[in-house]
Amino acid sequence: MSYHDQRQQSRKIFRTVVTILVDRAHIYHAKSIDISQTGICLIVPGKNLIIGSTCHIMFDLVVQGKAHKIQVAVKVIYSICMDEGFKTGLQFIKIDAAADAAIQTFIF
């Protein structure tokens, strides 16, 4: 059974640019695919993030006409090489209440 088969959370298509900060020194840009209450899936061009590693991501999320700047610590769950980059699954590990509420409202 793959990780994708184990997903328990509802996911919603979500397209935006996501900034990834690795080791507080390296910045990468990715494109989001979808989002759930517990994580986000990205296409990361040219960078294979290490499974099990942690990093921080930042992105804008518009909910009910209001923009929210989301900043969250994440853990890399999977990274699959594809033609356009690495399809990467990230699990939220440290998320503040406001960001969590905005994501929940967006999804549902």
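Mentor: A strand is a DSSP run of E of at least two residues, numbered from the N terminus. In this predicted model, strand 5 covers residues 54–63 and includes Asp60.

Trainee: Why is Asp60 called partly exposed?

Mentor: The relative accessible area of Asp60 is 38%. Buried requires under 20% and exposed over 50%, so 38% places Asp60 in between, as partly exposed.

Trainee: What makes the pairing of Asp60 and Lys69 a polar contact?

Mentor: The side chains of Asp60 and Lys69 are joined at 3.1 Å, and the limit for a pair of N or O atoms is 3.5 Å; the pair therefore qualifies. Leaving out residues up to four places away in sequence, Asp60 touches Phe14, Thr16 and His68 as well as Lys69.

Trainee: How do you know that Thr88, in strand 7 (residues 85–94), counts as buried?

Mentor: Its relative accessibility is 0%. The cut-off for buried is under 20%, so Thr88 is buried. A polar atom of the Thr88 side chain lies 3.1 Å from the backbone oxygen of Phe86. Beyond four places in sequence, the residues that Thr88 touches include Ile40, Cys41 and Leu42.

Trainee: What makes Ser32 of strand 3 a buried residue?

Mentor: Ser32 has a relative accessible area of 4%; buried means under 20%, and the conclusion therefore follows. The Ser32 side chain reaches two backbone atoms: the oxygen of Phe14 at 2.6 Å and the nitrogen of Thr16 at 2.8 Å. Among the contacts of Ser32 beyond four places in sequence are Ile40 and Cys41.

Trainee: How do you know that Cys41 is in no disulfide?

Mentor: The nearest cysteine sulfur, that of Cys55, is 13 Å away, whereas a disulfide needs sulfur atoms within 2.5 Å. The structure holds zero disulfides.

Trainee: Why is the sulfur of Cys81 without a bond to the closest cysteine sulfur?

Mentor: That sulfur belongs to Cys41 and is 14 Å away, too far for a bond. Accessibility also sets these residues apart: Cys41 is buried at 1%, while Cys81 counts as exposed because its 60% is over the 50% cut-off.

Trainee: Which residues touch the most other members of the largest nonpolar core?

Mentor: Of its 26 residues, these are Ile20, Ile35, Ile40, Ile57, Phe59 and Leu61. Elements that each supply at least two residues of this core include strand 2 (17–22), strand 6 (66–82) and helix 2 (97–107). Ile40 touches Ile35, Ile57 and Phe59, among others. In soluble globular proteins, nonpolar side chains tend to be buried together.

Trainee: How do you know that the buried residues of helix 2 line one face?

Mentor: The buried residues are Ala99, Ala102, Ile103, Phe106 and Ile107. Viewed down the axis of helix 2, they fall within an arc of 130°, so they line one face. An α-helix has 3.6 residues a turn, so residues three or four places apart point the same way. On the other side of helix 2, Ala97 and Ala98 are exposed.

Trainee: What covers the buried residues of helix 2?

Mentor: The cover includes strand 1 (12–13), strand 3, strand 5, strand 6 and strand 7.

Trainee: What makes Asp96 a cap of helix 2?

Mentor: A side-chain oxygen of Asp96 lies 3.1 Å from the backbone nitrogen of Ala98, at the N-terminal end of helix 2. The limit for a polar contact is 3.5 Å, so this pair is within it.

Conventions: Residues are numbered from 1 along each chain as its sequence is written. This is a predicted model: local features need pLDDT of at least 70, side-chain atom pairs count only at pLDDT 80 or more; totals for chains, interfaces and linings use all residues. Side-chain values use heavy atoms; hydrogens and water are left out. Helices (H or I, at least four residues) and strands (E, at least two) are DSSP runs, numbered from the N terminus. Buried means under 20% relative accessible area, exposed over 50%, partly exposed in between (1.4 Å probe, protein chains only). Contact means heavy atoms within 4.5 Å. A polar contact is a pair of N or O atoms within 3.5 Å; within protein, one must be able to donate a hydrogen and the other to accept it, and residues adjacent in sequence count only if both atoms are side-chain atoms. A nonpolar core is a set of buried Ala, Val, Leu, Ile, Met, Phe, Trp, Tyr and Cys residues joined through side-chain atoms within 4.5 Å. The arc is that of the directions from the helix axis to the C-beta atoms.
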